[in-house]
2 protein chains.
Amino acid sequence: MNILLVEDDPRLSALIRRGLEEEQLTVRVAYDGLEGQQLALAQPFDLIILDVLLPGRSGLEVLAAIRARDPDVPVLMLTALGTTTDKLQGFGSGADDYLVKPFDFAELVARVRALTRRSNPAPKGSRLTFADLVMDIPSRTVTRAGQALRLTAREFNLLEVLLRHPGRVLSRSEIAEHGWDEAFDAGSNVIDVYVSYLRKKVDHSFATKLIHTVMGAGYVLRQE
Amino acid sequence: MNILLVEDDPRLSALIRRGLEEEQLTVRVAYDGLEGQQLALAQPFDLIILDVLLPGRSGLEVLAAIRARDPDVPVLMLTALGTTTDKLQGFGSGADDYLVKPFDFAELVARVRALTRRSNPAPKGSRLTFADLVMDIPSRTVTRAGQALRLTAREFNLLEVLLRHPGRVLSRSEIAEHGWDEAFDAGSNVIDVYVSYLRKKVDHSFATKLIHTVMGAGYVLRQE
DNA sequence: CTTCCACCAGCAGAATGTTCATGGGCAAGC
DNA sequence: GCTTGCCCATGAACATTCTGCTGGTGGAAG
């Protein structure tokens, strides 16, 4: 995880850098606004921590320049200016969070984590979960409430399709597209049959059912 | 933009609700933890504002339950507990932001905006709303005032047609075109019957009616 | 103000459509 | 040859959709 820290106070920037590196984050430091802006525009970062009061070019100007080019990168403003007006200016320029000095270092880390969490969609494709249902793709195992389920290949594929679109109603043809190979007879009831098999293994021995049918539409993975 | 506010203090929740509604946001309020959790799991929100100290079930427990199901929805914790330990607990449970009471209302709005800004690549056209009626297309769910409605396929189609042309009077043949397939007997009263079904589910148990008849012309979705 | 009539609401039951569960055929792997 | 997984066909159970009808409503004409 790559972080850009723009902070002119060398003592503070060193402190923050060291702390973040202990959290397994990679930190690049810029000591004035211009340098920060150039770095931010030159390479992609996962997060930018930006002081407001900077020599050369204010943090707000830098933020505006960054947002013009990249509206998505998370930016955390970090400054001694704590009035609501200051905060509104920061958010107004496109900041995602605003932390007032002096701050507790643990809180900074927590906010950094919160901002970066979403941008890095956890090792996706390796594990899908819904409620107490857990599917591990590499090992092709599925458990519900910790109890292992023995699924056949088709059943596994079908459940995978459902797990990739939780809460969304999937029509039979959508399911067929993802879980069956090209040739698929629309007049067949294979999908119904496999949903039935799946239910027997996934839902039958549990109180809360997860697989639901929506008449005239298809099937959904839904709680309740 | 749909927001769920979980806050037991009626004065404060009314205040926040009013303020957010002035910002063109739709707000649903829950007054205890259990209600909040049920709502959060029952329908998709763009943002959840969660008090920590709640009767029934603490905000942290509610957050954990939400995160188990939906790791993506932005959650802003809002509480009087302002120590770093409290904040860390909040972030640790999966909060995206943490605001300590008393707070400046403008800052809350700014943080709400910051959190919802990004999350909006919501496939447009995926949700239709009118007054307190919300239709979510992917999950094929419809709620009024947060309460789920069970609609059949036809009823759903019909309501969708109405929701796509709010305030416009739709003739029977226009409705038939969109909600029924080609072959449609003009001499039939099917549409009247389905409007009747819809009314029973959408309007009957609410004071303000949304579906209105325009004699000699058709039907219209209108408030008042 | 009353009458009339096209129009509409709502019901009940028939017709239709959809889904579920099952048994059995077939093919592949052991 | 036996087991296992995959698929099809069938009918029963169920949910939905439609039709036909009765009674009610509202507005224009008298």
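Visitor: Where is the place of Pro102(A) in chain A?

Guide: You'll find Pro102(A) in the loop that runs between strand E5 (97-100) and helix H5 (105-119) of chain A. Bear in mind that this is a predicted model.

Visitor: What makes the peptide bond from Lys101(A) to Pro102(A) worth a look?

Guide: That bond is cis, with omega near -5°. Most peptide bonds are trans. Chain B has a cis bond as well, joining Lys101(B) and Pro102(B), with omega about -5°. Pro102(B) sits in the loop between strand E5 (97-100) and helix H5 (105-118) of chain B.

Visitor: Why is Arg140(A) called partly exposed?

Guide: Partly exposed covers the range between 20% and 50% relative accessible area. Arg140(A) comes out at 45%, so partly exposed is the right label. Its loop lies between strand E7 (133-136) and strand E8 (141-144) of chain A.

Visitor: What is the phi of Arg140(A)?

Guide: Phi is positive there, about 50°, although Arg140(A) is not a glycine. Most residues other than glycine have a negative phi.

Visitor: And Gln24(B): why does that one count as exposed?

Guide: The cut-off for exposed is over 50%. Gln24(B) has 67% relative accessibility, so it counts as exposed. Gln24(B) also has a positive phi, near 70°, and is not a glycine either. Look for Gln24(B) in the loop between helix H1 (10-22) and strand E2 (26-30) of chain B.

Visitor: On to the DNA. How do you know that Thr152(A) makes a polar contact with a phosphate oxygen of DNA strand D?

Guide: A polar contact needs N or O atoms within 3.5 Å of each other. An N or O atom in the Thr152(A) side chain is 2.4 Å from a phosphate oxygen of DNA strand D, and that meets the cut-off. Ser188(B) passes too, with a side-chain N or O atom 2.9 Å from a phosphate oxygen of this strand. For Trp180(A) the distance from a polar side-chain atom to a phosphate oxygen is 3.4 Å, which is also within the limit.

Visitor: Which elements give two or more residues to the surface near DNA strand D?

Guide: Helix H6 (153-164) and helix H8 (190-202) do, in chain A and in chain B. Of the 22 residues around the strand, those that come nearest include Thr152(A), Arg154(A) and Thr152(B).

Visitor: Which part of DNA strand D supplies the atoms within 4 Å of the protein?

Guide: Sugar or phosphate accounts for 69% of those atoms, and bases make up the rest. On the protein side, the surface has 13 nonpolar, six polar and three charged residues.

Conventions: Residues numbered from 1 in each chain as written. Chains lettered and ligands numbered in written order. Predicted model: local features only at pLDDT ≥ 70, side-chain atom pairs only at ≥ 80, totals over all residues. Heavy atoms only, no water. Near = heavy atom within 4 Å. Polar contact = N/O pair within 3.5 Å; in protein donor to acceptor, adjacent residues only side chain to side chain. Helix = DSSP H or I, 4+ residues; strand = E, 2+ residues; numbered from the N terminus. Nonpolar A, V, L, I, M, F, W, Y, C, P; charged D, E, K, R; others polar. Buried < 20%, exposed > 50% of the residue type's maximum accessible area, 1.4 Å probe, protein only.
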